[in-house]
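Colleague: I have a structure open here and would like to go through a few parts of it with you. Could we start with how its strands are put together?

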Amino acid sequence: MLTILNQVEKINEILANNKGNLLVDYKIFVRLSAIIETYIITNNSAELKAELKQFDAYKIKFAFYTEEQVEDSIALKNIFDSPETKNYGLKHRFHSLLDDNHSKKLRKETNEFKQTEEIPPVVTFYSYKGGMGRTTTMTTYGLHLAQHYGLRVAIMDFDLEAPGYLNFFNLDQNEELENGQINGIVEYLLDSQFAKNPDNIFLNKYYVELDSLYTGQEGKVFVFPAGNLLGNNNQENYLQGLARLDLASEDRFIESFKNLFKTIKKELNPHIILIDSRTGFNDVYGMLALIMSNIIVGFFGSSKQTKPGIEFLLEKVLSIDDSSLELLLINSILPENETEMTEFHKSFHTHIDEIRERHTFNSSIGISKLRRYPKLEKVGLVKTFTEDILTAAVKSKEIFDLEEIFTKLNNYEAIQKIIPKQEAVLGSAEIREKILSILQNKLPNPYAEATVITPQDFFYRKSMIEIFQKDKFLIRGFKGTGKTYLYKALKDTGLTEIQDKLKQRAGKEVSNKNFIFVDVISETGAKSPNKRFLVSSLNKEEMKENRNFYLTYFWVVYTWNAIMLDRAEKIVDFETTVSPELKQLIQKIEPNQNTVLRFDTIIKNRNFLVQIENDLAALNKFLKDKNHNLVILYDQLDNLILSNFGVIVSPLVDYWWTNKESFSQFYPKIFIRTDLFEKLMGTNTDRWNGENTISIEWDKDEVYAYFFKLVFANARTEFSNFLKIHKIDRDFEVILNQIDSENQIPEKEEYLKPLMEVFFGKLVITGTYNPEYNYKHSYNWFFDNLSNAGKKSISLRPFLNLIKGAVDYAIKKTSTTLPVIHSTYYANMKNRDDVAENHFKDLTKEENNQDLKKVFDYLRKFGDDYKFTFLTENELETFLSKVVDYYKDNLEENKNTIQLTQLMEANGILVREVKWATVIYRFPEIYKYWLKLTTRKGEDIGVVSRSTL
């Protein structure tokens, strides 16, 4: 604490204690010359002087007066009329930062002036330290308002000691700045003071209007540099001007601002004024931010260095006590690493909460974050970088942190008044209802078994191209990823159009080949199920004696039998080479004892097995001579094999691995759920996971592209009219031109993200908007909420179910504005809970997944101590141990905690991560609300990992 202020407090304490005893009243004044003057009314000055002797070491003057002397002097009366006992007097600087009452008075006067003169909203961007992204954020926000709303924006650089706008918009190449025809704010303020008639000072000499390249056709951006710094002469002139600018005279400075704002309003009529303030404690910040602004955007890091700046700003906003002053705090520049970013931002939030607990704020205070974006750091390094990077960032909305900041600002009261309101568009409600009605009827059943596949709606995926690669004989995917959907499209002789287009998409080499598709296993519920056999009926005794041999040839016999059943229809002219005795055993494969006995008879007869292998070899030669290839499809294995899946299916996979070269014309395709595929990995088949496997997991771009294929295939005219009626069809012209003849759009973010915004809204917001919440772009929200625990793929079935539920909600409501389906309808709790419940029921329909029910039932009934978004390794082990102990012998296949963990991982319900030097297991977002899981932070781990839950 300053000694002079410390002494004021000591004097005040002594005099206050003696008031009513040795003295009547007193006033203490701190003078600009670093002297304390103290006036005392007393009739006992001698005793007081003795007590005040201790202050002789400092420049302190004590003046003693009797009550009669004060009564007889007007000057003395005026001194004692003030209710304050301490007066800190005049200051060279920082009046607005140090005198709360004066600040309140000036702000009230300024508000009245702005209202009278209809001055647009003023937003000041401030950072306590440099390098916080303040200028870049403000600049891109100005472009955002111009490009997306057609607003007129004035950008003013008041970082007078460190002007930075030569880095932006290639102003260093501006000839008018270079030759001194255009200057900046410092020159304007002094020129207007020097002129006898300030009205003769033309504003167009002090700003640069940006090209429409930056602003769009309707918007305007006017940049007022701090001053002209191009060339030595201009730099000298700028410093001369800065030296003469009186920042200490607060009233004069604010009056200059009022005149400047009036002139800007008159000549440019902007919708908004954005001010780039200086860092640290300074007069510009005090006067512009606290006195003149409607909104302050403050940039602060998470370190202790920035804490004084945050506390001071909040204390000043509190002391001004004006609800018209809104505040957005931005935690910047945070690291790109998600874990570190979360840790830093948590610390920032904690500090703000601590300050809030001490005060009640009338002003709106929001919190956001800004991560480091290397791309933006290139601005100003090369001539073309600025226009390319800034324009692209604003147009594409690709930097989500900035988009989040812009959205929050746009929802503040001052800016809500200037953003064009989305008016009801005639006919929009009818078109929207038509689109939703079409979707309600055309959205496919998410369960492929019940889906009627048509060429019009079939979605061609990248992974499907690999179907025609011979070595890729394993097709894996979680439940609901479309294995049966693909299987049905390949096996159905009525879908040759789809099969031909798949070949075309695979390339010229494949498109010239002839493929015959044969299914080995009939679909569930097929009218004529002539190829279905429950493996549980196999001869147990034979399996015990030579299990691998028996199972291998079971699959050989099954496959041969299935192919021969289709021979007459699909492999015309091929005559089987087997003996009449064996030929008689080619019969329907049915789930009965007749099939068991028939297969046993064949497998036990080595001569029959030799004949079958020779017959398959003869078929291979026949196909080669005809230039044909036979695609052998194995789907629904999980429906045939109710237990010991890995044991029973591994010999089938091994057989095709071993014989893939022998049967050059055979293309086996074995469809396996990911959770069951993991059971195969328990054998010696690690090699299957690499070059022989096709993964058909969906990424988010595929899911979104699939949805929009359905829109374009069934409601393209209606959707185009919707874009047209909302006057955004031109923005989508390039995107719509990318749609191919199959109504598919490229699976790229640049095309899909804008479509997601129009259809589902830019940000997913539920309930009342609160600027403190972090909302996600719809493009990311669906993936984050519906992906598996590892966030490597998104489940198609929950996505379709969520959209179906949203359409059912939305179609009942009338809306004439964007988007087509608001987040209220797809992100509401009821819809999300229904989707989660149905997804889990879908998983547990499978015999192999019955133990999952027991895990979730126990969690719901007894697991309150474990209902978190993630569990530590110790917690999971303890929890699953309790499950195993509770259900004892009632678990189907997973008898211990390791097997239960593997089951949950295989179904995408858990993912193992190493976080905060601790192993954790995380649940996917889809189950968070349905199971009522509590969110945990990383710093809780130190306590949790040592707990004994």
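Modeller: Before we look at any strand, one term is needed: two strands count as a pair if DSSP finds at least two bridges between them. Please also keep in mind that this is a predicted model.

Colleague: Okay, so in which sense do β1 and β4 pair, and over how many bridges?

Modeller: Strand β1 pairs with β4, residues 86-87, in the parallel sense, and two bridges join them. Within this pairing, Phe29 stands opposite Asn87 in β4.

Colleague: And how does β1 run relative to β2?

Modeller: Those two strands run antiparallel, with six bridges joining β1 to β2, which covers residues 36-41. Tyr26, for instance, has Ile40 of β2 opposite it. Together β1 and β2 make a hairpin with five residues between them, and in the turn Ala34 has a positive phi of about 65 degrees.

Colleague: What's the strand order in the whole sheet?

Modeller: The sheet is open and has four strands in the order β3-β2-β1-β4, with mixed pairing. Its edge strands are β3, residues 60-65, and β4, each of which pairs on one side only. Strands β2 and β3 pair in the parallel sense over six bridges, and in β3 the bridge partner of Ile40 is Phe64.

Colleague: Which strands does helix α1 touch?

Modeller: Helix α1, residues 3-18, packs on the sheet and touches β1, β2, β3 and β4, while its direction makes about 180 degrees with that of β1. Helix α4, residues 74-81, also packs on the sheet, where it touches β1, β2 and β3, and its direction makes about 85 degrees with that of β1.

Colleague: Back to β1 for a second: are its residues buried or exposed?

Modeller: Asp25, Lys27 and Phe29 point one way and Tyr26, Ile28 and Val30 the other way, yet all are buried. Because six of the six residues of β1 are buried, this strand is largely enclosed by the rest of the structure.

Colleague: New topic, then. How far apart are the end C-alpha atoms of α35?

Modeller: They are 21 Å apart, which agrees with the 21 Å that the 15 residues of α35, 796-810, should span at 1.5 Å a residue.

Colleague: How many of those residues are buried?

Modeller: Twelve of the 15 are buried, so α35 is largely enclosed by the rest of the structure. Among them are Leu796, Arg797, Phe799 and Ala810.

Colleague: What do they pack against?

Modeller: The buried residues of α35 pack against several helices, including α19 (428-442), α31 (700-725) and α37 (829-843).

Technical notes: Residues are numbered from 1 along each chain as its sequence is written. This is a predicted model: local features need pLDDT of at least 70, side-chain atom pairs count only at pLDDT 80 or more; totals for chains, interfaces and linings use all residues. Side-chain values use heavy atoms; hydrogens and water are left out. The expected span of a helix is 1.5 Å times one less than its number of residues. Buried means under 20% relative accessible area, exposed over 50%, partly exposed in between (1.4 Å probe, protein chains only). Contact means heavy atoms within 4.5 Å. Axes are lines fitted to C-alpha atoms, for helices over the stretch in contact, and angles run from 0 to 180 degrees between N-to-C directions.
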